[in-house]
Amino acid sequence: MTSSSPAPREGTVLQVCPLPASLESALAAHHRTVRLTEQADPAAYLRDHGDEVVAVVTRARTGVSHDLMDALPRLGAIVNFGVGYETTDVARARAREIQVSNTPDVLTDCVADLAVGALIDVMRRLSAADRYVRRGDWVPGGFPLTTKVSGKRVGILGLGRIGRAIARRLEGFDVELSYHSRTAADDVPYRYADSPHALAAGADVLVVAAAGGAGTRGLVSADVLEALGPDGYLVNIARGSVIDEPALVAALVKGAIAGAALDVFVDEPRVPAALPALDNVVLLPHIASGTHETREAMGELAFRNLHGFMTEGTLVTPVPEPPTE
């Protein structure tokens with residue numbers, strides 16, 4: 001008896017949130033696609049047509065809620081536009097034999113580029129200097145001295161694809177690199193720290209590149225920030241949830257750390273009220289993957305995942321199985 005291969009799927013593709021125009025066009029051109037946000041009564045649509053939906057396309061920031069998952073009894077695939085998928089309960093999906101995909105690799109370079117740019121910005125105070133000139137405050141010798149980047153000790157929290165790409169770029173600055181991940185890697189020359197606290201204690205800059213989700217929530221705690229110290233800088237291009245945000249705000253207000261460059265926040269697009277007034281904080285609107293080239297590549301990969309599932313029953317880039325302890 002031979003095992004059967006995954007079969008193509010017949011049914012509706014549900015787009016649950018706005019997506020790039022090129023991806024929306026590809027979905028509409030090749031599959032029967034319904035945009036949930038354009039329904040006059042989304043709840044009524046799900047009640048009357050939920051059993052027609054076999055695949056969902058969503059953004060990583062939006063995901064698929066338990067209620068939506070439950071409203072789609074024939075759902076076979078959740079296709080994420082984005083590398084993160086913590087907004088979807090993957091274990092719950094797998095228990096229902098629902099496949100889940102994301103768009104890894106294609107955004108790695110842009111996210112790593114922005115991480116290094118943000119690190120340079122906050123340490124050399126580029127944004128602050130720009131504001132200084134624009135305000136007309138430039139006088140000879142007036143702008144305060146900043147902190148050198150080259151040769152510093154940089155700790156990377158999370159040495160996955162993006163963390164490694166950040167490390168490779170920073171090697172060009174002759175920095176001393178260390179990292180913390182769930183397990184030590186045997187294929188990198190960087191020093192392994194056995195905890196986030198130990199990583200921060202041995203770093204001048206802590207770059208957060210860990211995945212989001214319940215397992216990393218609050219990983220950068222008040223204790224970790226204290227270990228980073230008043231001369232230390234924080235860069236976060238991962239997820240806002242990885243950092244204890246109230247503790248970070250308190251540390252910045254009190255001067256317990258030297259500065260921070262933040263592309264992500266806990267409750268986006270809302271930013272903690274105290275941060276915009278701080279000149280030693282670089283605030284970015286979650287733009288690490290926000291280039292024309294990368295967003296097009298992400299859209300193409302998301303479509304390939306969806307099309308692969310609908311025509312062959314398989315995903316191109318399914319999310320990995322959780323690590324075993």
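These exercises work through a sheet, its helices, enclosed spaces, a salt bridge and one loop residue.

The model is predicted: local features need pLDDT of at least 70, side-chain atom pairs count only at pLDDT 80 or more, and totals for chains, interfaces and linings use all residues. Residues are numbered from 1 along each chain as its sequence is written, and side-chain values use heavy atoms, without hydrogens and water.

**Exercise 1. The open sheet**

Task: Give the strand order of the 5-strand open sheet and find its edges.

Solution:
- Strands are DSSP runs of E, at least two residues; helices are runs of H or I, at least four residues; both are numbered from the N terminus.
- Two strands pair if DSSP finds at least two bridges between them.
- The order is S2-S1-S3-S4-S5, with parallel pairing.
- S2 (33-35) and S5 (99-101) each have a single partner strand, so one side of each lacks a neighbour in the sheet.
- From one strand to the next, the twist averages 20 degrees.
- Now take one pair: S1 (residues 12-15) joins S3 (residues 53-59) over 4 bridges in the parallel sense.
- Leu14 has Val56 in S3 as its bridge partner.

**Exercise 2. Helices across the sheet**

Task: State which strands H2 lies across, and which strands H11 lies across.

Solution:
- Axes are lines fitted to C-alpha atoms, for helices over the stretch in contact (heavy atoms within 4.5 Å).
- Angles run from 0 to 180 degrees between N-to-C directions.
- H2 (residues 42-49) lies across S1, S2 and S3, at about 160 degrees to S1.
- H11 lies across S1, S3, S4 (77-81) and S5, at about 170 degrees to S4.

**Exercise 3. Cavities**

Task: How many cavities of 30 Å³ or more are there, and which helix gives the most to the lining of the largest cavity?

Solution:
- On a 1 Å grid over the protein atoms alone, a cavity is a set of points where a 1.4 Å probe fits but cannot get out; a pocket is an open set with protein on both sides within 12 Å along at least five of seven lines; lining residues have an atom within 4 Å of a point.
- Grid points are joined across faces, edges and corners; a volume is the space filled by probe spheres set on the points.
- The count is 2 cavities of 30 Å³ or more.
- The largest cavity holds about 70 Å³.
- H10 (residues 245-254) gives the most to its lining, with 4 residues.
- By class, this lining has 9 nonpolar, 2 polar and 1 charged residues.
- Nonpolar means Ala, Val, Leu, Ile, Met, Phe, Trp, Tyr, Cys and Pro; charged means Asp, Glu, Lys and Arg; the others, Gly among them, are polar.
- The second largest cavity holds about 50 Å³.
- H6 gives the most to the lining of the second largest cavity, with 4 residues.
- That lining divides into 5 nonpolar, 2 polar and 4 charged residues.

**Exercise 4. A salt bridge**

Task: Which parts does the salt bridge of Asp70 and Arg92 tie together?

Solution:
- A salt bridge puts a side-chain nitrogen of Lys or Arg within 4 Å of a carboxyl oxygen of Asp or Glu.
- The whole structure has 16 salt bridges.
- Asp70 and Arg92 form one at 3.1 Å, N to O.
- Asp70 lies in H3 (residues 66-70) and Arg92 in H4 (residues 90-95), so the pair ties together parts 22 residues apart in sequence.

**Exercise 5. A loop residue**

Task: Place Leu284 and list its contacts.

Solution:
- Leu284 lies in the loop between S12 (281-283) and H11 (292-312).
- Leaving aside neighbours within four places in sequence, Leu284 contacts Leu114, Ala118, Leu262, Asp263 and Phe265.
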